[in-house]
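Please open the model in your viewer and keep the sequence panel visible. The tour proceeds by selections, each followed by a description of what is found there.

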Amino acid sequence: MKKLLLAVTAVVLGSASVQAADLAAQYTKAPMMAAAYNWTGFYVGGNVGGAWGSSDPSTSTVFSPVGYFAASSVPAINTVGAQGVNSSSVTGGFSAGYNWQVNHAVLGLEGDINYFGFKGSATGSALYPCCAPTSFTVSSQVSADWLATIRGRIGFLAAPTWLLYATGGAAIAEVKGNFNFTDTFSLATESAAIRDTRVGWTAGVGTEYAVGGGWSLKAEYLYVDLGRSTVTSTNLTGFAGTAPSPSNVYTHSIDLKSNIVRVGVNYKFGGPVVARY
């Protein structure tokens, strides 16, 4: 009897061991969840780069039978008054925006304000066709100290942390112009100035890479067109300022276009983190 009990116990224990081994073999450890980067959220950042711009300031006048100029002088003045200015400068500033990630697409709205540093001048002279060797000179100065943009962004994820995007919207800057006309016939002078906060447009492309901890690095190209601003003047005076000639109306105008390449860093606050296996 004692031997029979020992035999039964051995069989039971052996069977339990086999079942435990089968359960261990069937058990699979659940995979650990990894956090995938999500672009949704508010961010702030800074940027620095270069701007290469151009402007075509223009000075023109009209003939008047009771005015100062001979008929042949007006086309000569208008030709010299069609001038060109180029400028390049370092640019930099601050930006803020918000992104919404929808699957592999990222939609956003961004605003920035930057030092622009556009500044240039042009001068041209010619002989009066009627009255050589007397001559006239037209000079123009164009500048814009700052530039702000408000842009939409639309992009797709080449990788979870790598965004490629296109961007476009409004560009805003205070464009300034100064114009002067002088001659040697009678020391005539005329001048005008433009101070205009222009609202134009901008478009470009960029890429941004998330490096962790809410930080990301970006590179961006923007084209900016601020349109044209115009002012008229009737303050031409001849003979050393003693003979006003308001009938010779002057028209002055400036435009401004620029290409901007810049790099920057952004910091994103919060935003959801999506768990993935």
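The stops below begin with the whole chain and then turn to its interior, its charged pairs and its surface.

**Before selecting anything**

This is a predicted model, in which local features need pLDDT of at least 70 and side-chain atom pairs count only at pLDDT 80 or more, while totals for chains, interfaces and linings use all residues. Residues are numbered from 1 along each chain as its sequence is written, and side-chain values use heavy atoms, with hydrogens and water left out.

**Stop 1: the whole chain**

Display the chain as a cartoon. It contains 2 helices and 13 strands; these are DSSP runs (helices: H or I, at least four residues; strands: E, at least two), numbered from the N terminus. The chain has 277 residues, of which 41% count as buried. Buried means under 20% relative accessible area, exposed means over 50%, and partly exposed lies in between (1.4 Å probe, protein chains only).

Now switch on the surface. About 14300 Å² is exposed, and carbon and sulfur atoms supply 67% of that area. Accessible areas come from the Shrake-Rupley method with a 1.4 Å probe, and for residues only the protein chains shown count as cover.

Contacts (heavy atoms within 4.5 Å) offer another view of the chain. Of those between residues at least 6 apart in sequence, 74% join residues at least 24 apart.

**Stop 2: the largest nonpolar core**

Select Phe116, Phe118, Leu147, Leu226, Leu256 and Ile260. Within the largest nonpolar core, which has 19 residues, these touch the most other members. At least two core residues come from each of β5 (105-127), β6 (135-159), β7 (162-183), β9 (215-233) and β12 (250-269). The greatest contribution, 4 residues, is that of β7. A nonpolar core is a set of buried Ala, Val, Leu, Ile, Met, Phe, Trp, Tyr and Cys residues joined through side-chain atoms within 4.5 Å.

Centre the view on Leu147. Leaving aside residues up to four places away in sequence, Leu147 touches several residues, including Phe116, Ala171, Val224 and Ile260. Then add Ile77, Val80, Val138 and Ala188, which are among the 13 residues of a second, separate core.

**Stop 3: phenylalanine 179**

Is Phe179 buried or exposed? Phe179, placed in strand β7, is buried, with a relative accessible area of 0%. Residues up to four places away in sequence aside, its contacts include Pro57, Ser139, Ile194 and His252. Select Val142 as well: the C-alpha atoms of Phe179 and Val142 are separated by 9.1 Å, and the two residues are 37 apart along the chain.

**Stop 4: a network of charged side chains**

Side chains of opposite charge can pair when their charged atoms come close. The structure holds 12 salt bridges, each being a side-chain nitrogen of Lys or Arg within 4 Å of a carboxyl oxygen of Asp or Glu.

Select Glu110 and Arg153. They form a salt bridge whose closest N and O atoms are 3.9 Å apart. Glu110 belongs to strand β5 and Arg153 to strand β6, 43 residues apart.

Next, add Glu208, whose side chain meets that of Arg153 in a salt bridge (3.2 Å, N to O). Arg153 lies in strand β6 and Glu208 in strand β8 (residues 189-212), so this pair ties together parts 55 residues apart in sequence. Both Arg153 and Glu208 are buried.

Now select Asp112 and Arg262, which meet in a salt bridge of 2.8 Å, N to O. This pair links strand β5 to strand β12 across 150 residues, and both partners are buried.

Which residues do shared salt-bridge partners join into one network? They are Glu110, Asp112, Arg151, Arg153, Glu208, Lys218, Glu220 and Arg262.

Return to Glu110, which is buried, with a relative accessible area of 1%. Its side chain makes polar contacts with the side chains of Tyr43 (2.6 Å) and Arg151 (2.5 Å). A polar contact is a pair of N or O atoms within 3.5 Å; within protein, one must be able to donate a hydrogen and the other to accept it, and residues adjacent in sequence count only if both atoms are side-chain atoms.

**Stop 5: a nonpolar patch on the surface**

Finally, select Phe42, Val44, Tyr98, Trp100, Leu107, Leu109, Ile150, Ile154 and Phe269. Together they form a nonpolar surface patch with about 840 Å² of accessible area. Patches consist of residues with over 30% relative accessible area and no salt bridge; like charges are joined within 9 Å, and nonpolar side chains (Val, Leu, Ile, Met, Phe, Trp, Tyr) within 5 Å. Two or more patch residues come from each of β2 (41-55), β4 (85-102), β5 and β6. Leu109, in strand β5, is partly exposed, with a relative accessible area of 49%.
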